[in-house]
Amino acid sequence: MTHAMLKGSNVPLEATTVRAVLRWSPGQGIPDVDASALLLGPDGRVRSDEDFVFYNQPRHPSGTVWRLGKKRGAEGLTDTIQTDLSGVDPGVGRILLVASADGVTFDRVRSLRILLYDAAVGDGEALAHFDVKPETGAETALICGELYRRGEGWKFRALGEGYSNGLKGLATDFGISVDESETGPPEVSRPLPPEQPTAVPTQPAYGYPQPAYGYPQPASASSAYGYPPPVTAPVAVPVSSDVRLPPQGPQFLGR
């Protein structure tokens, strides 16, 4: 029998591998929703950035928590996190199941629900479901629920706690080091859509390609990102035997 859960309620889990499915109704102007998970230690924080499973890091190094990806079904769109509870490291006491909407508020997401299944059974009857409703409507990320240890077993608790500063703000609160540099940990930003084969980006004079997705460009490259202004072509100057030009230094086209 499926448990219809209320906010704050919990249910014991007999399954050893649990599939948590986020489901919502698509439509005009409805944002895309992403599922992610945070594995928390005894202090209620991640042990490292590897404990964050999301679209840019879809599988935990232990192999016990991973994203299955998105699907379209008869009842809506889904994104799924699967967890092998029997193999989760003893140092992990809670696993948060999160929904984020890429900067769009959840008051525009219709019929958001999290469903839990026994992965060993397949697409059978759900073990439990919880209709996730934002409290203010301004949330851009929601903790839908959590898997947590109780004695020798696991339980699921329905939460529905919201964040207005998105997945990045939520992850930071639980100890993720958000660093957008190339050498930092995984960047908490939505990946760009795949490049269309018909897109032919133009090349500006300073060598940085124009993006193919139509994102607005800053009015001044030098003021927005610190790059020097475009280098214009040199002007030819006639040189006579009695005119000496100063030596010309190297031209730098950016960092």
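A residue counts as buried when its relative accessible area is under 20%. That cut-off is handy right away for strand S4, which covers residues 34-40. In this predicted model, 7 of the 7 residues of S4 are buried, so the strand is largely enclosed by the rest of the structure. Side chains in a regular strand take turns pointing to one face of the sheet and then the other. On one side of S4 sit Asp-34, Ser-36, Leu-38 and Leu-40, and on the other Ala-35, Ala-37 and Leu-39; all are buried, which leaves both faces of S4 covered.

What does S4 pair with? One partner is strand S8, residues 94-100, and the two run antiparallel with 7 bridges between them. Within that pairing, Leu-40 is placed opposite Arg-94 of S8. Another partner is strand S5, residues 52-53, again antiparallel, this time over 2 bridges. Here Ala-37 is the residue that stands opposite Val-53.

Zooming out, these strands belong to an open sheet of 6 strands, and its order reads S2-S12-S11-S8-S4-S5. The pairing in this sheet is antiparallel. Strand S2 (10-13) and S5 are the edge strands, and each has a single partner, so one side of each has no neighbour in the sheet. As a reminder of what holds such an arrangement together, strands of a sheet pair through backbone hydrogen bonds, in either a parallel or an antiparallel way.

Strand S11, residues 141-150, is where Leu-147 is found. Is Leu-147 buried or exposed? With a relative accessibility of just 1%, Leu-147 counts as buried, because the cut-off for that label is under 20%. Leaving aside residues up to four places away in sequence, Leu-147 touches a whole list of others, including Leu-13, Thr-83, Leu-85, Ile-95, Leu-97, Leu-116, Trp-154 and Phe-156. Gly-93, Arg-94 and Lys-155 are also among the residues that Leu-147 contacts. There is a link across the sequence too: Leu-96 is 51 residues away along the chain from Leu-147, yet their C-alpha atoms are 6.5 Å apart.

Another residue to look at is Lys-168, which belongs to helix H1, residues 166-173. Its relative accessible area of 30% makes Lys-168 partly exposed, because that label covers values between the 20% and 50% cut-offs. Lys-168 and Ala-141 lie 27 residues apart along the chain, and their C-alpha atoms are separated by 8.9 Å.

Now for the other sheet described here. This one is open as well, with 6 strands in the order S1-S10-S9-S3-S7-S6, but its pairing is mixed. At its edges stand strand S1 (3-5) and S6, each with a single partner strand, so one side of each is left without a neighbour in the sheet. On average, and ignoring direction, neighbouring strands of this sheet are turned by 20 degrees against each other. Among its pairs, S3 and S9 run antiparallel and are joined by 7 bridges. Arg-19 has Tyr-117, in S9, as its bridge partner.

Arg-19 turns up again in the second largest pocket, whose volume is about 410 Å³. This pocket is lined by 17 residues, and the closest to its centre are Arg-19, Val-21, Lys-71, Thr-78 and Asp-123. Strands S3 (17-25), S6 (65-73), S7 (76-84) and S9 (110-118) are the elements that give two or more residues to this lining. The largest share comes from S6, with 5 residues. Sorted by class, the lining has 5 nonpolar, 6 polar and 6 charged residues.

What about space closed off inside the protein? The structure holds 1 cavity of 30 Å³ or more, and the largest cavity contains about 40 Å³ of space. Its lining is made up of Ala-20, Leu-22, Ala-35, Ser-36, Ile-81, Leu-97, Val-98 and Ile-114. At least two lining residues each come from S3, S4 and S8. Ala-35 and Ser-36 in this lining are also among the buried residues of S4, on opposite sides of the strand. By class, the lining of this cavity has 7 nonpolar residues, 1 polar residue and no charged ones.

Key: Residues numbered from 1 in each chain as written. Predicted model: local features only at pLDDT ≥ 70, side-chain atom pairs only at ≥ 80, totals over all residues. Heavy atoms only, no water. 1 Å grid on protein atoms, 1.4 Å probe; cavity = no way out; pocket = protein on both sides within 12 Å on 5 of 7 lines; lining within 4 Å. Points joined across faces, edges and corners; volume = space filled by probe spheres on them. Helix = DSSP H or I, 4+ residues; strand = E, 2+ residues; numbered from the N terminus. Nonpolar A, V, L, I, M, F, W, Y, C, P; charged D, E, K, R; others polar. Pairing = 2+ DSSP bridges. Axes fitted to C-alpha atoms, helices over the stretch in contact; angles between N-to-C directions. Buried < 20%, exposed > 50% of the residue type's maximum accessible area, 1.4 Å probe, protein only. Contact = heavy atoms within 4.5 Å.
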